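Subject: The structure we talked about

Hi there,

Thanks for offering to take a look. I am passing the structure over to you here, and my notes come after it.

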Amino acid sequence: MKLTRRHILALPLPIPTLMTACSHPAPSTAVPAVPVATVRHGRLERLPALASRHVDARPVDVWLPPGYDSRRPHAVLYMHDGQMLFDPSTTWNKQAWELDRMAAPLLARGALSDFIVVAPWNNGKLRFAEYFPEAWVAHLDATWRDTLAERALLGPPRSDAYLRFLVEELKPAVDARYATRREREHTFLAGSSMGGLISLYGLCEHPRVFGGAACLSTHWIGGYERNDVVPAAALRYLRDKLPTPDSVRIWMDRGDQDLDALYDRAQARVDALMADKGFRAPRFVSKVFAGTGHNERAWRDRLPEVLGFLLAA
């Protein structure tokens, strides 16, 4: 596909969040002083600040389900954009996944395995740089690479460093502090939009650490218009790097309204590749939720189904 000025201008600009990000290359150590969100079910804890070698400091919240028992090991779900997961009164758009409200009834009736949620916050204006798969950049032409660096990444890509933070620093800290199942079969990633990209990328880059990923409204197009360039880069990477189908669980979905409507062509191409590689139910699903768009309320409403897919008792 020929790159046009329209496509260049459609690449995302940084979106303000509740957290101020540092733009310098060296990780910062000061965690923003923000309150812990309020949950109705279970409890939410703020991890002590981690001195990371890889990323800027940020809040990391951990949700413990009602009746959390430190004598009983729990699966662990690592979810991106942690500031958007629990309390709508604290988010920039007054929407949230309300994860505790969605998960508690399923746990109460024994539909889910015991699990906790680890929720690192995104890094504000560097969110795109940390969530856009770094290995995809090499599959883009020079114009797209330069445009990404200038308008979205704001410098070099940082997703490999973000994943090293999760794997080398955050996971050991969580496993040391909480009663967790440390095996890959009980360790998962989940996120929406750019968080869907980094969830799948993390599964591919660290298949010995993570056993599954949920990718909601995955932002295959990299900007705000349909294009074939970014999805083609994704496909070239996935063709070589996807784990074996019988070793992981992968959830993909999209809506059909607003931004999600622009994922139709790209998601169809990804679904075809997954089929060619042998991915099929019950370990792989790809769904379209008609009448839904690109927002936390939509992701909240389908979260019970996502949790059941990854964490069925």
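Below is what I found, grouped by region.

Please keep in mind as you read that this is a predicted model.

**Two helices side by side**

A good place to begin is a helix pair. Two packed helices are described by the angle between their axes and the distance between the axes. Helix α7 covers residues 194–205 and helix α8 covers residues 229–241; they pack at about 35°, and their axes are 10 Å apart. Their crossing is left-handed. On the α7 side, the residues that take part are Leu200, Tyr201, Cys204 and Glu205, and they meet Tyr237, Leu238 and Lys241 from α8. Sorted by class, this contact has 5 nonpolar residues, 2 charged ones and no polar ones.

Helix α8 has 13 residues and reaches 19 Å from its first C-alpha to its last, close to the 18 Å expected at 1.5 Å a residue. Its buried residues are Val229, Val230, Pro231, Ala232, Ala233, Ala234, Leu235, Tyr237 and Leu238. What covers them? The cover for the buried residues of α8 includes α4 (134–137), α5, α7 and α10.

Tyr201 deserves a visit of its own. This tyrosine sits in helix α7, and with a relative accessible area of 2% Tyr201 is buried. Not counting residues up to four places away in sequence, Tyr201 touches Pro133, Glu134, Ala135, Trp136, Ser159, Asp160, Leu163 and Tyr237. One of these partners, Asp160, is 41 residues from Tyr201 in sequence, while the two C-alpha atoms are 9.2 Å apart.

**A kinked helix and the loop before it**

Next comes helix α6, residues 159–177. Its 19 residues should span 27 Å at 1.5 Å a residue, and the C-alpha atoms at its ends are 25 Å apart, so the two values agree. Where does α6 kink? A kink of about 40° lies at Leu170, shortly before the proline Pro172. The buried residues of α6 include Tyr162, Leu163, Phe165, Leu166 and Val167, along with the charged-looking names you may spot there, Glu169, Lys171 and Asp175.

In the loop between α5 (142–153) and α6 you will find Pro157. Is Pro157 buried or partly exposed? Its relative accessible area is 23%, so Pro157 counts as partly exposed. Leaving aside neighbours within four places in sequence, Pro157 is in contact with Ala129 and Glu134. Pro157 and Asp141 are 16 residues apart in sequence, and their C-alpha atoms are 15 Å apart in space.

**Asp81 and Ser192**

Asp81 lies in the loop between β3 (75–79) and α2 (99–108). Its relative accessibility is 9%, so Asp81 counts as buried. Which residues does Asp81 contact, leaving aside its neighbours within four places in sequence? They are Pro120, Asn122, Arg127, Tyr131 and Ser192.

Ser192 belongs to strand β5, residues 187–192. With a relative accessible area of 4%, Ser192 is buried. Beyond its neighbours within four places in sequence, Ser192 is in contact with Asp81, Trp97, Arg127, Leu216 and Trp299. Arg127 thus appears among the contacts of Asp81 and among those of Ser192. Ser192 and Phe165 are 27 residues apart along the chain, with 19 Å between their C-alpha atoms.

**Some backbone details**

Most residues other than glycine have a negative phi, and most peptide bonds are trans. Here are some spots to check against that background.

- Ser193 is not a glycine, yet it has a positive phi of about 60°. Ser193 lies in the loop between β5 and α7, and at 8% relative accessibility Ser193 counts as buried.
- Lys94 also has a positive phi of about 60° without being a glycine. Lys94 lies in the loop between β3 and α2.
- Ala281 and Pro282 are joined by a cis peptide bond, with omega about 10°. Pro282 is in the loop between α10 (264–276) and β8 (284–289).

If you would like somewhere to start on screen, try Tyr201 in helix α7, then go on to the kink at Leu170 in α6.

Best wishes, and enjoy the tour!

Methods
Residues numbered from 1 in each chain as written. Predicted model: local features only at pLDDT ≥ 70, side-chain atom pairs only at ≥ 80, totals over all residues. Heavy atoms only, no water. Axes fitted to C-alpha atoms, helices over the stretch in contact; angles between N-to-C directions. Helix = DSSP H or I, 4+ residues; strand = E, 2+ residues; numbered from the N terminus. Left-handed = near helix turned anticlockwise from the far one by under 90°. Contact = heavy atoms within 4.5 Å. Nonpolar A, V, L, I, M, F, W, Y, C, P; charged D, E, K, R; others polar. Expected span 1.5 Å × (residues − 1). Bend = angle between axes of the 7 residues up to and from the residue. Buried < 20%, exposed > 50% of the residue type's maximum accessible area, 1.4 Å probe, protein only.
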